[in-house]
There are 2 protein chains.
Amino acid sequence: MKQSIKSRHDLVAFSEGILSGDRIVLSQAITIIESNLESDQKFASLLLEKVLPRTGNALRIGITGVPGVGKSTFIETFGKSLIKKGKKPAVLTVDPSSPITKGSILGDKTRMDGLSKDPSAFVRPTPSSSAIGGVANKTREAMLLCEAAGYDVIIIETVGVGQSEIAVRNMVDFFLLLILAGAGDELQGIKKGIMEIADAVVITKADGTNEKNAAEAQGIYQQALHLSSVPPSGWQPTVLTSSAVTGNGIEEVWSTIVKYTEHIKANGFFQRNRSEQNVSWFQDYFALLLKADLQKYESLKSVQKNLEQALSNHSITSQAAAEKLLDAYHDVMRSDKS
Amino acid sequence: MKQSIKSRHDLVAFSEGILSGDRIVLSQAITIIESNLESDQKFASLLLEKVLPRTGNALRIGITGVPGVGKSTFIETFGKSLIKKGKKPAVLTVDPSSPITKGSILGDKTRMDGLSKDPSAFVRPTPSSSAIGGVANKTREAMLLCEAAGYDVIIIETVGVGQSEIAVRNMVDFFLLLILAGAGDELQGIKKGIMEIADAVVITKADGTNEKNAAEAQGIYQQALHLSSVPPSGWQPTVLTSSAVTGNGIEEVWSTIVKYTEHIKANGFFQRNRSEQNVSWFQDYFALLLKADLQKYESLKSVQKNLEQALSNHSITSQAAAEKLLDAYHDVMRSDKS
């Protein structure tokens, strides 16, 4: 019998619901994770701790590419092919906002309709607001809940224009870059840094009159990647072509991922990478907690405000101001008996 | 009479040397800034505080562009033209290392030979190692010292491949993107994000057979920039062409910068931007100080080590580990009587 959720912070009901694979409970739990309320944050932390032993068993795949490359269509086709193999894919997104325009790039329009409706899949749209800890942190926590709910392939989608790639790279096992081939635009618009962190490149929309361009681009990218130094995984990145229309190449993407996973499990990189990722996320969280801690004390807030005033007036160096704030923080800690 | 420096941390001698424009003292002071020794860091902080009233009067210009675009040649020619106008330019570099290859991109080879030797200019090569606080922080502090030494145009050079642009953008008044025109490669390889933060784009090497390409590229970029939203400065970015060989266009770059500066001083952006930059650097410094603070206590170090071990074993969530470390930090602060 299903346990019903009696309150927003019913730990037993939430953890049992998630572990039994209840999609509605999973969705509600992710909503709590995305919340900025302190009580929700605390509950999310307890819930994650509780389901932790059941996490970590999925294969984590990051997918990026510039707008227009066909990410949603690719993931829809790819996800359905996984379901046919008996897999349970979950799709999450990290949608960075432009630092200048503040607008959402991926948007919150409903996409991947077919996949969303399939009972074997779970599709979660972009969190609507960036929160304490940032969208990336929330996505990582949502990923852990999806794993606890039994999803065994987690796909994290992001868009190839910002820093979010690094954040996503840092939470997945395999990172896939989607590229659109077009006359004369090979290697165009792709940041060198993103090529460096990709385990495979897929040229999308390789169908019809575009097939020849895609094959050409495949050769060019493969050559470019061969010139790069071998990444820490010891895996030589592969370039593939695919078409969501004909379905060509989708199978090869999965077999490449399987081959890659076998490779990094054999050479120890898989475990080492996950351990390093955990430590790195811990450091990120800690920085966030410290930031929140400073907001807890009224006296510190006023010190901070005065320092910022002095900085605006150019009457103190940034370094000296930082030292004063640290001293004030120490003082508050010393006198705090809680 | 010149004050001689009696010890590495002779505050009076250093500040007087810098304020009198002594290039050797300035160089030595920057070396101390770049040092990671705690005693050097403390001295640097005092020195900056001491010369602070004499900083802030220079025009701060950031210059970026991919390797091969001709940054050094441009800066050499541009710097010499500034000297002819009676200006005193200082050139500093922020050289990010690739996160993967760890190699330096700009290298430490001696460049800008003519400018280095000119008594009106000061050229400081890239710090050899990334240090606590990062290369960008060190560069910013070096900039303040150069201002105190009387340099009135500070040029900060970086390379258009990483995150360093954002750091440099955040310490200058005017940000210049250099671009190389070539058949069919307009808008290529330039990250959208960098175009967004540039106040002007200069197409370099606009001479000989390349002149036509450069003019074409100028039109294309100007059009692209007109489609972007107007930045917070209210300044519509300009596209220029230049040649270090013929000297064409160098004058226009300077007059554009002068026009821009008048514009942002009139609309208040100049002061607002500098104030915001100070606050933002203060926050960065504070994060660094906290990090260093955690390394000061043996008990905290061992807590941290144990948590990282647990994270590697996947036996604790990153969030819970961060909470435990914050608790331990609070405990240490409470019992610390210093």
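**Helix α10 and the sheet**

I started with helix α10 of chain A in this predicted model, and found that the helix, residues 250–266, lies across β1, β5, β6 (200–204) and β7 of chain A, running at about 160° to β7(A). For that angle, axes are lines fitted to C-alpha atoms, for helices over the stretch in contact, and angles run from 0 to 180 degrees between N-to-C directions; two residues are in contact if their C-beta atoms, placed from the backbone, lie within 7 Å. Helices (H or I, at least four residues) and strands (E, at least two) are DSSP runs, numbered from the N terminus.

I noted two conventions: residues are numbered from 1 along each chain as its sequence is written, while chains are lettered from A and ligands numbered from 1 in the order in which they are written. Since the model is predicted, local features need pLDDT of at least 70 and side-chain atom pairs count only at pLDDT 80 or more, whereas totals for chains, interfaces and linings use all residues.

I then traced the strand order in chain A, where an open sheet of seven strands reads β3-β2-β4-β1-β5-β6-β7 with parallel pairing; two strands pair if DSSP finds at least two bridges between them. The edge strands of chain A are β3 (122–123) and β7 (238–241), each pairing on one side only. Between β1 (residues 59–64) and β5 (residues 174–180) of chain A, which run parallel, I found four bridges, and Ile63(A) has Leu176(A) as its bridge partner in β5(A).

**Strand β4 in chain B**

Next I looked up how enclosed β4 (residues 153–158) of chain B is, taking a residue as buried if 20 or more other C-beta atoms lie within 10 Å of its own, exposed if 12 or fewer, and partly exposed in between, with C-beta atoms placed from the backbone. Six of the six residues of β4(B) are buried, so the strand is largely enclosed by the rest of the structure. On one side I listed Val153(B), Ile155(B) and Glu157(B), and on the other Ile154(B), Ile156(B) and Thr158(B), all of them buried.

The strand β1 (residues 59–64) of chain B is joined to β4(B) in parallel by five bridges, and Arg60(B) has Ile154(B) as its bridge partner there. With β2 (residues 89–94) of chain B, β4(B) pairs in the parallel sense over six bridges, Leu92(B) being partnered by Ile156(B).

**The two copies**

I superposed the copies by least squares on the C-alpha atoms of residues with pLDDT of at least 70 in both: a turn of 180° and a shift of 0.0 Å along the axis lay chain A on chain B with an RMSD of 0.1 Å. The two copies are thus related as by a two-fold rotation axis, and in chain A the C-alpha nearest that axis belongs to Arg334(A), 2.1 Å from it.

At the interface, 45 residues of chain A are in contact with 45 residues of chain B. The elements of chain A that give two or more residues to this side are α3 (38–51), α8 (192–197), α11 (269–294), α12 (298–312) and α13 (318–335). I also found that 100% of the interface residues of chain A are interface residues in chain B, so the copies meet through the same surface.

**A residue of α3**

Last, I checked Ser39(B), which lies in helix α3 (residues 38–51) of chain B and is exposed, with 11 other C-beta atoms within 10 Å.
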